[in-house]
Amino acid sequence: MFEKVLIANRGEIAMRIHRACHEMGIRTVAVHSTADAEAMHVRLADESVCIGPPPARASYLNVPSIISACQVTGAEAIHPGYGFLSENARFAEIVAEHGFTFIGPEPAHLRLMGDKVAARRAMRELGIPLVPGTEEAVRDAKSARAFAERIGYPVLIKAACGGGGRGMKVARDGRELEAMLDLAAREAFEAFGDGTVFLEKYLTGPRHIEIQVLADQHGHVMHFGERDCSLQRRYQKLVEEAPSPALDPATRADIGGRAAEAVRKLGYHGLGTLEFLFEDGAFYFIEMNTRLQVEHPVTEMITGIDLVREQIRVAAGVPLGFSQGDIRFSGHAIECRITAEDPVTFMPRPGRVTDYHPPGGLGVRVDSALYAGYTVPPHYDSMVAKLIVHGSNRTECLMRLRRSLEEFVIDGIPTTLPLHRRLVEAPDFADGLYDIGWLERFVAQPAEAAS
Ligand code: MV4
């Protein structure tokens, strides 16, 4: 096992990784920008290195600085967390070229899943169901139109290098499709340096359900069931839960088993998530995430397994110490992402936290790097805390969530806590009756009119 790990991230996820490391007897190195000198992840780590000025490009994405920090501190491995360099194949290669271990999959798998056309091809060949769509990139408007006529409108134009909703456009007929293809390609080129686009049938009211998988370097793969991440707004998830209110145990075992088998055949190592759209009882693969995800705690809460510890162990080459049959799903978990934003306009509102009192008690977990007196810097993501609640069933989980949101105090900056408090009172949420469009409609309602 590693003796020292460098954590190439900040905030709650840097603390989450530190906690896993210390339980395993691994010492930690924090890296930070000048804006984060007072950050909790820096205070908690055994050592810290300043890697640059506030903009992420100059610090948390500064590869030479991060590699140097590894060299001067003698860390053996780098955990990239999520965002930043976590899915950057070139970074993973550079880490390996310098003799360090990247805690994540092989560069080839990062590259494969970063290309959505290639990812679709790989999954199709492995028998994973896909949204009907082009097998190759779109070459010209004429063939695109011919293809769209076959699968039927509306269709979505997606960027091959996109993901997370960036660079998507809906076309309702042939005229719209022709008008939007060039624009989509130009936007994709500007955003990702690659203008490759492809088409998919546009599903209008699906749920977003993802399967957590873990693979070691010895051919063992398992799944940890699903997370329902349908409660999103502008591609930002607000609430996630496990299990999904829409799945039964047989469906879970079936899609989970197929996802794990596909990942085994790919020769993939590490943690991974297969994202699906789920509509009318059918799954359609859209993307695979090759990193630890923000919402991993809901899976930890219902399985009792420390996914970060397992991720570090498999990166070190340790065989998995348990198999699929050992995984027991117990109860229900819900995560609320709390951001430093105006709860109505969602504009980021960084600033100084004057009071901070997280909730506690049985089944309540708060992953956050906040403390009273901390100033949330304006340079990074606005998520300041994750509240994760577990109950023996969904009803108990909801009761506990309502009570925890009541207790939670973050003063000095506006946060989305009031929105979450309103959300837990919504009958549709209580009944688990929502799709990916539900939250957008909910936040558009005035507070008093909310049902
Ligand atoms: C789709 C879709 C409908 N049909 N693909 C958005 C994020 C990116 N990962 C894929 N996304 C979507 N792909 C087809 N063929 C609708 C979405 C989508 C969405 C997906 C998951 C969660 C929330 C969403 C919100 C809007 C659109």
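Q: Helices are DSSP runs of H or I with at least four residues, numbered from the N terminus. In this predicted model, which helix is the place of K116?
A: K116 is in helix α6, which covers residues 116-125.

Q: Why does K116 count as buried?
A: Buried means under 20% relative accessible area. K116 has 9% relative accessibility, so K116 is buried.

Q: Which residues does K116 touch, leaving out those up to four places away in sequence?
A: Its contacts are A159, A160, G162, G163, F198 and E287.

Q: Now to another residue. Where does E295 lie, and how do you know whether E295 is buried or exposed?
A: E295 lies in the loop between β13 (282-289) and α10 (296-303). Its relative accessible area is 1%, under the 20% limit, so E295 is buried.

Q: What does E295 touch, not counting residues up to four places away in sequence?
A: E295 touches E210, R227, C229, K237, E240, E335 and R337. Along the chain, E295 and R365 are 70 residues apart, and their C-alpha atoms are 13 Å apart in space.

Q: What makes α3 and α4 roughly parallel?
A: The axes of α3 (residues 63-73) and α4 (residues 89-97) come within 11 Å and cross at roughly 30°. Angles under 35 degrees count as roughly parallel, so that is the name for α3 and α4. Their crossing is right-handed.

Q: Which residues of α3 and α4 meet?
A: From α3 come V63, I66 and I67, and they meet F91, I94 and V95 in α4.

Q: V63 is found in helix α3. Why is V63 called buried?
A: V63 has a relative accessible area of 17%, and the limit is under 20%, so V63 counts as buried. Not counting residues up to four places away in sequence, V63 touches L85, F91 and I94. The C-alpha atoms of V63 and V95 are separated by 9.0 Å, with their positions 32 residues apart along the chain.

Q: How many aromatic pairs does the structure hold?
A: There are 10 aromatic pairs.

Q: What makes the pair of F276 and F283 edge-to-face?
A: Their ring centres are 5.5 Å apart, within the 6.5 Å needed for a pair, and the planes are at 75°, over 60, so the pair is edge-to-face.

Q: Why is the pair of F278 and F283 called tilted instead?
A: The centres of F278 and F283 are 4.6 Å apart, which makes a pair, and 45° is neither under 30 nor over 60, so the pair is tilted. Ring pairs link F276, F278, F283 and F285 into a cluster.

Q: How do you know whether F276, F278 and F283 are buried or exposed?
A: Compare each value with the 20% limit. F276 is at 0%, F283 at 7% and F278 at 10%, so F276, F278 and F283 are buried.

Q: Which rings have an arginine over them, and what makes that distance count?
A: R207 lies over the face of Y434, at 4.4 Å from the ring centre. The charged end of R422 sits over the ring of F442, 4.6 Å from its centre. The limit is within 6 Å of the ring centre, so these distances fit.

Notes
Residues are numbered from 1 along each chain as its sequence is written. This is a predicted model: local features need pLDDT of at least 70, side-chain atom pairs count only at pLDDT 80 or more; totals for chains, interfaces and linings use all residues. Side-chain values use heavy atoms; hydrogens and water are left out. Rings of Phe, Tyr and Trp (its six-membered ring) pair if their centres lie within 6.5 Å; planes under 30 degrees apart count as stacked, over 60 as edge-to-face and the rest as tilted. Buried means under 20% relative accessible area, exposed over 50%, partly exposed in between (1.4 Å probe, protein chains only). A charge sits over a ring if NZ of Lys or CZ of Arg is within 6 Å of the ring centre and within 35 degrees of the ring normal. Axes are lines fitted to C-alpha atoms, for helices over the stretch in contact, and angles run from 0 to 180 degrees between N-to-C directions. Helices (H or I, at least four residues) and strands (E, at least two) are DSSP runs, numbered from the N terminus. Angles under 35 degrees count as roughly parallel, over 145 as roughly antiparallel, 65 to 115 as roughly perpendicular and the rest as oblique. A crossing is left-handed if the near helix is turned anticlockwise from the far one by less than a right angle, and right-handed if clockwise. Contact means heavy atoms within 4.5 Å.
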